[in-house]
Each structure stands twice: as C-alpha cells, then as structure tokens.
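This report describes the fold of one protein chain, strand by strand, together with the surroundings of a ligand. The sequence and the model come first.

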Amino acid sequence: MDAIIVDNLSYRYQPSGEQILKNISFNIKQGESVAIFGLSGCGKSTLCLCLGGIIPHYLGGELTGRVQVSGKDIKDHKVAQLALEVGLVFQDPDTQLFLPTVEDEIAFAPENLCLPPEEVGRRVNDIINLLGLDDFRQRSPGQLSGGQKYLVALGAVLALEPGILVLDEVMAQLDSAGKRKIKNILFNLRCAGKTIVIVEHDQEIFSIADRILVLEEGALIRDGLASELLADEDFLTRHKLLF
Ligand SMILES: Nc1ncnc2c1ncn2[C@@H]1O[C@H](COP(=O)(O)OP(=O)(O)OP(=O)(O)O)[C@@H](O)[C@H]1O
Ligand SMILES: [Mg+2]
C-alpha cells in the first residue's frame, strides 16, 4: 500500500501570490525512505507542511490536487487526526516545544489521547532509550542545543506511533557525532517499518534514502534511486546541486 499519495499538488500561500508548489505528483510506499532535495526556497518545507496537514488547515492558502497519508485525504481530516499517521518535525523544532521537561514533551500527546498511564510511561521510556535522551529527561528543552531540541521534537511525534515520519532538515544543527547518531536512529526506525521522508542538504543522509525527489522552484524535476542521482554529475551540475 502507498503510505503517501501526492497527486497534481499545487499551492500558493496567498490566493494572488506566487505559486510555490507546481503540479507535484509522487507516491511513497509503506516502509520506503525518501529524501527531498533541492536549493533553498524551492518548496521543501512547504511540501512537508502539506504532508502534515498544517497546510491548508493552519496556514490557509490555495491548495489544489490531492494529498493522501495512510489513506486519509489531508483536506478531510484535522491536523490532530493526521498526527496519528504522520509525525512531522519542523525545520525549526523550537516552535514545537513548550513544556517544562523533555519527559513532559514526549508524554504530552499520548496523555492527550487519554492512554493509560502505564502505556504513556512505556512509550516515554522506549523513546528516551531509542533517542539516547536519558541524561536530558528532566531538563528544560529550552536549555538544550539545536540538535538535542530536534531529537526531543522527534520524540514528541514518535509518542503517537505514526507510521510515517516527515523530518525537515534533521541534520542541519548536528556535528558529525550527532549526524552519526541520527543516522543510526533513522536506520532503526526504518527497520521498524516506518515510512520516512527526510528533507536534507547533507548528502550523508542519502545513504539511508531509497529514493530522492528533487524539487526546483516548486516543481518535481527528478524522482529516482539515490545511487543513480549521486552518480549523475551532469544533472547535479546543470541544476547547481553539486555538493
Ligand atoms: N508563510 C509563508 N508565506 C508566504 N510565502 C512563504 C511562506 N513560507 C515560505 N514561503 C515562500 O515559499 C517558498 C518556498 O519556501 P520553503 O520554506 O518551502 O523552501 P525550502 O525549500 O524549505 O527552503 P530552505 O532550504 O531554505 O528551508 C519561498 O519562496 C518562501 O519565501
Ligand atoms: Mg525549508
């Protein structure tokens, strides 16, 4: 089954404004890992916001075409319902963190679902172990580094056990040890059967992506195997994507 179906998606933030996403179509199978790649401003974060339903539910604008996650059309379901299917971590995770401790952040969503306290406790412990956050459990997220905050925001979305993860610039704030760690975590999540969409400038991430989607000025200009794209220097040079 397809975890994500995007069919002829176009979007503008303001009805009379610039078209930011242009007739994008792709499908992602359950369990696939896909990287979204492209120059700054090409629409990667905007596409992520569509996958989580933040667009159009919170940001409005004009969306045409279809986006379906785990069989749910984003237009027909509230963001809270979509969050059970798609765990979206924003490019700036600060906007997702608002509670006094790391543990509170991770417990928040399952508590809101009124899950039994033992189940909430199990999820919190498992996630803290998976993400290696034990030393920060009682710390305030506001005092953590950018990379650590990203992990806490990831933990908070994992607590709803979504089948799909959409991670916008997961490596941006990490040093090389942090990058190794997140690659390991993503590898484990992929082995656990999660569908993973990663926006990334860092080519290191491509080693865990089955496919790469390349966006240019809001249009999808390539959809193919990571190994083939990386070997296609001509394409990368023409589109100024050599790194
Ligand atoms: N809230 C908004 N209102 C209007 N325009 C916006 C808004 N957010 C983003 N844009 C515009 O949409 C375009 C795509 O932005 P987006 O953030 O999706 O790009 P990106 O590929 O994620 O860039 P980056 O790599 O720098 O994060 C840009 O021209 C940006 O200025
Ligand atoms: Mg972005």
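## Strand S3 and its two partners

In the pairing of strands S3 and S8, Ser 33 stands opposite Ile 196, and Ala 35 stands opposite Ile 198. S3 covers residues 33–37 and pairs with S8 in the parallel sense over 4 bridges. Strands here are DSSP runs of E with at least two residues, helices are runs of H or I with at least four, and both are numbered from the N terminus. Two strands count as paired if DSSP finds at least two bridges between them. The model is predicted: local features need pLDDT of at least 70 and side-chain atom pairs count only at pLDDT 80 or more, while totals for chains, interfaces and linings use all residues. Residues are numbered from 1 along each chain as its sequence is written, and chains are lettered from A and ligands numbered from 1 in the order in which they are written.

S3 also pairs with S9, in the parallel sense, through 4 bridges. Here the bridge partner of Ala 35 is Ile 212 in S9. Since 5 of the 5 residues of S3 are buried, the strand is largely enclosed by the rest of the structure. A residue is buried if 20 or more other C-beta atoms lie within 10 Å of its own, exposed if 12 or fewer do, and partly exposed in between, with C-beta atoms placed from the backbone. Ser 33, Ala 35 and Phe 37 on one side of S3 and Val 34 and Ile 36 on the other are all buried, which leaves both faces covered.

## Strand S8 and the β-α-β unit

Strand S8 spans residues 195–199, and 5 of its 5 residues are buried. One side carries Thr 195, Val 197 and Val 199, the other Ile 196 and Ile 198, and both faces are covered.

Strand S7 (residues 164–168) runs parallel to S8 and is joined to it by 5 bridges. Within this pair, Val 166 has Val 197 as its bridge partner. S7, helix H7 (residues 176–191) and S8 make a right-handed β-α-β unit. Right-handed means that, with the strands pointing away from the viewer, the path from the first strand over the helix to the second runs clockwise.

## The S9–S10 hairpin

Strand S9 (residues 211–216) and strand S10 (residues 219–225) run antiparallel and are joined by 6 bridges. Leu 213 has Asp 223 in S10 as its bridge partner. The hairpin has 2 residues between the strands, and Glu 217 takes a positive phi near 45° there.

## The antiparallel sheet

An open sheet of 4 strands has the order S2-S1-S4-S5, with antiparallel pairing. Strand S2 (21–29) and strand S5 (72–73) stand at its edges with a single partner strand each, so one side of each is left without a neighbour in the sheet. Strand S4 (residues 62–69) pairs with S5 over 2 bridges in the antiparallel sense. In this pair Val 69 stands opposite Lys 72.

## Ligand 1 and helix H1

The residues around ligand 1 are Tyr 13, Ile 20, Gly 38, Ser 40, Gly 41, Cys 42, Gly 43, Lys 44, Ser 45, Thr 46 and Gln 91. A residue belongs to this shell if its C-beta atom, placed from the backbone, lies within 6 Å of the ligand. By class the shell has 3 nonpolar, 7 polar and 1 charged residues. Ala, Val, Leu, Ile, Met, Phe, Trp, Tyr, Cys and Pro count as nonpolar, Asp, Glu, Lys and Arg as charged, and the others, Gly among them, as polar.

Helix H1 runs over residues 44–51, with 7 of its 8 residues buried. The buried residues of H1 are Lys 44, Thr 46, Leu 47, Cys 48, Leu 49, Cys 50 and Leu 51. Just after H1, Gly 53 takes a positive phi of about 80°.

## Helix H4

In helix H4 (residues 102–112) the buried residues include Val 102, Glu 103, Ile 106 and Pro 110. Helix H5 (117–131) and helix H6 (146–158) are among the elements that cover the buried residues of H4. Cys 114, just after H4, takes a positive phi of about 60°.

## The chain as a whole

The protein chain has 9 helices and 10 strands. Its radius of gyration is 18 Å, close to the 18 Å that the globule rule gives for 243 residues, so the chain is as compact as a globular protein of that length. The radius is taken over C-alpha atoms, and the rule is 2.2 Å times the number of residues to the power 0.38.

Of the 243 residues, 40% count as buried. Among contacts with a separation of 6 or more, 66% are between residues 24 or more positions apart; a contact means C-beta atoms, placed from the backbone, within 7 Å.

Notes: Two residues are in contact if their C-beta atoms, placed from the backbone, lie within 7 Å.
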